[in-house]
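Morning, everyone. Please bring the structure up on your screens, and we'll walk through it.

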Amino acid sequence: MKAFAAIYTLTLRAALRERVVWSMLALTGLVLLLLPPVLRGDGTFAGEIRMHIHYTLGFCSVLLAAMTLWMSCGTLATDLGSKRLQMVLTKPVSRAVLWWGKWAAVSTLTTVVLLLCGIVTHLHVSHRVASAELSEAEREQIFSSTLTARRPERPVPFDVTEMVAEMMRAHEEAGLLPPDIPRDVIERELRNHALTMLNAASAGDSVRWAFRLSSPLREGEGLQLAYRFDGASMGITRIPGEWRVGRDGEEPAYTHRVHQSPSGEFVLEINEGGRFTGARDLFVEFHNLSEERDMVFFPMHEGVALYRPGGAFAPNLLRALLLLAGLMSLLAALGVSSGGLFSLPVACYVTAVTLLLQLFSGSVEQTLELGTTLTGVTEPGRALQTVDRVSMAMYRGVHAVLKPLDVASPLGRASRGVSVSSGELASTLFLRMTPVLLVISLVGVLLFQRREAGVAE
Amino acid sequence: MNPKRKGWMFLLVGLALLLGAGGQHAGLVARRGAEDLQVVPPEQTTPLVSLTTVAFGAFRGLVANALWMRAAELQQNGQFFELVQLAAWISQLEPTTPQVWEFQAWNLSYNISVLFPDPEDRWRWVNHGLDLLRKEGLRHNPNSDTLHWNMGWMFQHKIGMDFDQAHFHFKRRLAEQTEEVFGGRGPAGTGWEAAARETFRMDPSLILSLEERYGPLDWRTTEVHTLYWSERGLSLARSPFERRRLQRMRLQSLAAIMRRGDSIDDETGLPFLGLPRFELLPLLLAEQENALANDPDSEAVRRTARSFFADTALILALFDRVDDALEVYNRFARLDPDAPPGAAGLRALLQANDESMRPEDLSREQALLRVTALLLRSRRWETQDPTRARGLRGMASQLHRHYQSARVGPEHMERTGLPPFEEIERSLHARVPAGSTL
C-alpha cells in the first residue's frame, strides 16, 4: 500500500509539472468562463440553459479526454524513454502496483477536474436562472423540464414474434420469399415492418401503449407524457389527434386534443389533481382524428414515455459526470497500458484510435444490424464478399469490446432534465466498466511485465 | 563539410526560402481579392472565425462535416435548440462560401420555422435565419450578390407572401421591429442610423438615397426591405444571372410599392391596408424601359416587362385611370405581337381578365386591391351620383363575400382571408373624403 501511495503521489506530481496538463486545465477554465456568453440557443431561455450545460461540459470533457490521453500514455512511456523507470524498478515495487498507481493518479486528477467543472457550471446556471427576468410559468417550466431529473418509464415492448412468424408463413406459402436473401434478414425486415405498423395509426384509428410503472404513483406525484412523432415518415403535415390516458381496463381519465407538426418532443402534464394516484398499470393511446386519410407514425423506439420526478438536478448532474469520469478512467487504463508497451506517439495513436472507435460505435452497430458492409453493391464478386466477411468479423469483435462502454449521452440527458439513475450509474460502473477495466489492466500489466525496462544502449 | 559550415548553409537556404515565400504573399493577397476569394481582412472577421481557420488548419473540413452530420441528425430527431449554434459554427468554418450561409439561413427560416405551430416561435426562427445572413454571412462576404438576393428573397417571399400560415404575424413583428429602429414609418429624427446599422445591418446612406428617389417609403413593409437589399445587391452583381434576378426583384418590389405603398394603419398603429402610389408610375415605366434597353436580347427581361405592363394597365383601369392604363397598355402591345394597340386592345385585355379571373381564383393581394379600388370609386361618386356609388359598393361587397366563401377551412381563411369588409371601408373613409379620389 505504501508503494502504491508513493507511485500515486509521484505520478500526480509529475502530471502537475507537465506544461500540456496546465495548458489543458487553462483551456478548460477558459471554456467555463468564455463559452457560455457566446453560445446561442434557439432564443428561448430553456434552450439557452440546455446549451449552457451540454456544450460547456461537453467541451470540458473533450479537453479533459485529450489531457487524460496525454497523461496516461506519457506516464509510463516517458518514464521508460527517459530511463527513470529503471530507478523505480530497483525498489521493491511490483509492475502491477506501478500500473495501478499510475492509473489511479490519472483517473483521480481527471475526475476531480471534471467534478469541479460540473460545480462551476451548476453555480453559473443557478445564478443565471435566479437573475433572469422570467414569468412564474417560465420559471416553473425550467424547473419541471430542464433543471430537474425526470425518470422515464417506457411502454411494455410490443411482442411481434407471432405476427412475424405468421407473415413469414404467409410469404412462404405465396412463394414471395426471395431465395437469395438470408431468412434472418427477411425476418428482421418483417419485424421492423410489424413494429412500425404497431406504432402507427391511420385516420380514425388509434395506437395504444401499455405501461407498467416501476412503482405505484404516490400522492401528489407529477406525471408527464412525453412523445415525438416520426417526422421522417410524416413530413411537415400537422395531424389532429387526441391523447387518451387511463388506468388499465378503465375509460381514459385524461384526454387532450393536439394539432401539431410532427417534429420535436412534446410534453403534457397528465396527473393534475392526482387522477392517477396509486396507479401502476396505465394505457396511453393516440387517436388519429385526421379527415384527410393522413397516417400518423411514432418512432419504433422511445416515441412515447412517461416521466416521473426522479430527484433534483444537482445529484443528477453529478451522476452524469461520474459516468463520464468512468469512461475517462477506462481511457486512462488504455493509455497506461499502451504507454507500457509502445513509445509515447504510438501509444497516443493507439489510444486515440480506440477512442474514435468508441465515438463511432453507433456506426459499427448500424453496420452489424444491416449484416453487411456492402449495402448498395448489387452483385459483389468473390473478393468483395471475402472482404465483407473479414470486416464483419472485425466489427463484431469491436462491438463486443465497445458495447459495455456505450453510455447513452449522460450530459445530453442531464441537460434535458432526464434522470441518470443511481441504479444505472452503479450497474454501468461496476457491472460494465469494471470488468473492462480489469481486462485492460490484466493485459496491460502482463505486457508491461514482459517489457524490458533496462535495455543497454 | 564541417558541421559549423553545414549549419550556416542550412540557415542561409532557410532564410532564402523564407524571403522567397514572403515575396509571394502580396501577390497572393491581391489575387485573392481580385478573385473574391477573401475580401474580408482577417483582422475584421470574428475572433472565432480567425481561431477556427488557423487552429483547425487542414482539418477544418472534417470538423465542418462532423457538425453538418450532427445538425442533420438533431434536426431529424426534432431537437432544435442547438441548431442555431451549429448553423453558425458550420458557416464560420467555411466563412467565405456564400452557399453555406445561404443554406443554413434558409434551413432555419424555412425548414425549421414551419415545424412550430405557434406564430411567435416561427417568427423567432425566421429571424434567426435573417440574422445569420445579415449579421454574419454578409460580414464575411460583403460583396456577395447571392447573399444580398437571399436577404431580399426572405423579405419578399417568406414574410411578404402568404404561403406561411403565420405570415400576418411576421408582417406585424417586422413592422414593430422597424418602428423601434426608425422611430416611425421611416428614418426620422436622430439616432436611427446607428440602430439601422446594428439591428438590420443597413447602410443609412442607401436608405436616404432610396427615400430621396422613391419616398416617402414605409419601411415597416416587406417590399421596402426587398427594395433595399436588391438595390444593394445590384451594385455588386457580377454575373448576368445575378444581375437579372436582382433587377427583377428590385422592379417587383417597386411595383408592389406602387400598388400598396401608402399604408393605412389600424388602431394599434401598424399597417393594415395599402393604397396605391401612382405618382411612382413614370419612374417605374422609365426603369422598365431602361431594363429593356440594357438587355435587349434577354427574353426573361422582355417577359418581366410584358407582365408588368399588362398588370399595371389592369390596375390603372381598376382605379379608373383610363388614360394612364391606355399608355401602359400600348407599351405592353409593343412587346406582344398578338396584342392590338389602342383602346380596343385594352378593352379586350380587360374583358379577357374579367372572364378568366373568378373572385375565388384571385390571390389575397389581388382581391384586396380590387375591393379597395371599387370602394374608392364608390367614395368618389358618393356626393355626385349616390346610385352609382351604391352600385360600386355592392360590387365590392359581393367580391369580398365570394372571395371569403371560397376559403377552404379555418386555416385557409386565417392565411389568405381578407379583413372584414366594414373595417376596410371604415379605414378608407377615414383617409379619403367623400367625393374625392386618390
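One term before we start. By a nonpolar core I mean a set of buried Ala, Val, Leu, Ile, Met, Phe, Trp, Tyr and Cys residues, joined through side-chain atoms within 4.5 Å. Buried means under 20% relative accessible area. And keep in mind that this is a predicted model.

So, the cores. The largest nonpolar core has 177 residues. Which residues have the most contacts inside it? They are B:W219 and B:F309. Now look at who supplies this core. Helix α3 of chain A, residues 45–81, gives the most, with 15 residues. There is also a second, separate core of 27 residues. A:L225, A:F266, A:A279 and A:V284 are included in that one.

Zoom in on B:F309. Set aside its neighbours within four places in sequence. What remains in contact with B:F309 is B:L285, B:Q288, B:E289, B:L292, B:V328, B:R331, B:F332 and B:L335.

Next, chain A as a whole. It has 15 helices and 10 strands. The C-alpha trace spans about 85 × 65 × 40 Å along its principal axes. Of the 457 residues in chain A, 44% are buried. How about contact range? Take contacts between residues at least 6 apart in sequence: 81% of them join residues at least 24 apart.

Surface and charge, quickly. Chain A has an accessible surface of about 23300 Å², and carbon and sulfur atoms account for 61% of that. On the charge side, chain A carries 42 positive and 43 negative side chains. The centres of those two sets lie 13 Å apart.

Now the strands. Start with β8 of chain A, residues 281–288. Why call it largely enclosed by the rest of the structure? Because 7 of its 8 residues are buried.

Which strands pair with β8(A)? One is β3 of chain A, residues 206–212, antiparallel, over 7 bridges. In that pairing, A:F211 stands opposite A:L282. The other is β5 of chain A, residues 239–247, also antiparallel and over 7 bridges. Here A:R244 faces A:E285 in β8(A). And A:R247 has A:L282 of β8(A) as its bridge partner. So A:L282 turns up in both pairings.

Stay with β5(A). It is mostly covered, with 7 of its 9 residues buried. It also pairs with β6 of chain A, residues 254–260, in the antiparallel sense, over 7 bridges. One of the partnerships there is A:G241 with A:V258 in β6(A). What do β5(A) and β6(A) form together? A hairpin, with 6 residues between them. In the turn, A:G249 has a positive phi of about 85°.

Last stop: A:P309. This residue lies in strand β10 of chain A, residues 304–309. Is A:P309 buried or exposed? Neither: it is partly exposed, because its relative accessible area is 40%, and the partly exposed class runs between the 20% and 50% cut-offs.

Where does A:P309 make its contacts? Leaving out neighbours within four places in sequence, A:P309 touches A:A149, A:R151, A:E221 and A:G222. Take A:G222 from that list. A:P309 and A:G222 are 87 residues apart along the chain, yet their C-alpha atoms are separated by 6.6 Å.

That's the tour. Over to you.

Methods: Residues are numbered from 1 along each chain as its sequence is written. Chains are lettered from A and ligands numbered from 1 in the order in which they are written. This is a predicted model: local features need pLDDT of at least 70, side-chain atom pairs count only at pLDDT 80 or more; totals for chains, interfaces and linings use all residues. Side-chain values use heavy atoms; hydrogens and water are left out. Buried means under 20% relative accessible area, exposed over 50%, partly exposed in between (1.4 Å probe, protein chains only). Helices (H or I, at least four residues) and strands (E, at least two) are DSSP runs, numbered from the N terminus. Contact means heavy atoms within 4.5 Å. Accessible areas come from the Shrake-Rupley method with a 1.4 Å probe; for residues, only the protein chains shown count as cover. Lys and Arg count as positive and Asp and Glu as negative; His and the chain ends are not counted. The place of a charge is taken as NZ of Lys, CZ of Arg, CG of Asp or CD of Glu. Two strands pair if DSSP finds at least two bridges between them.
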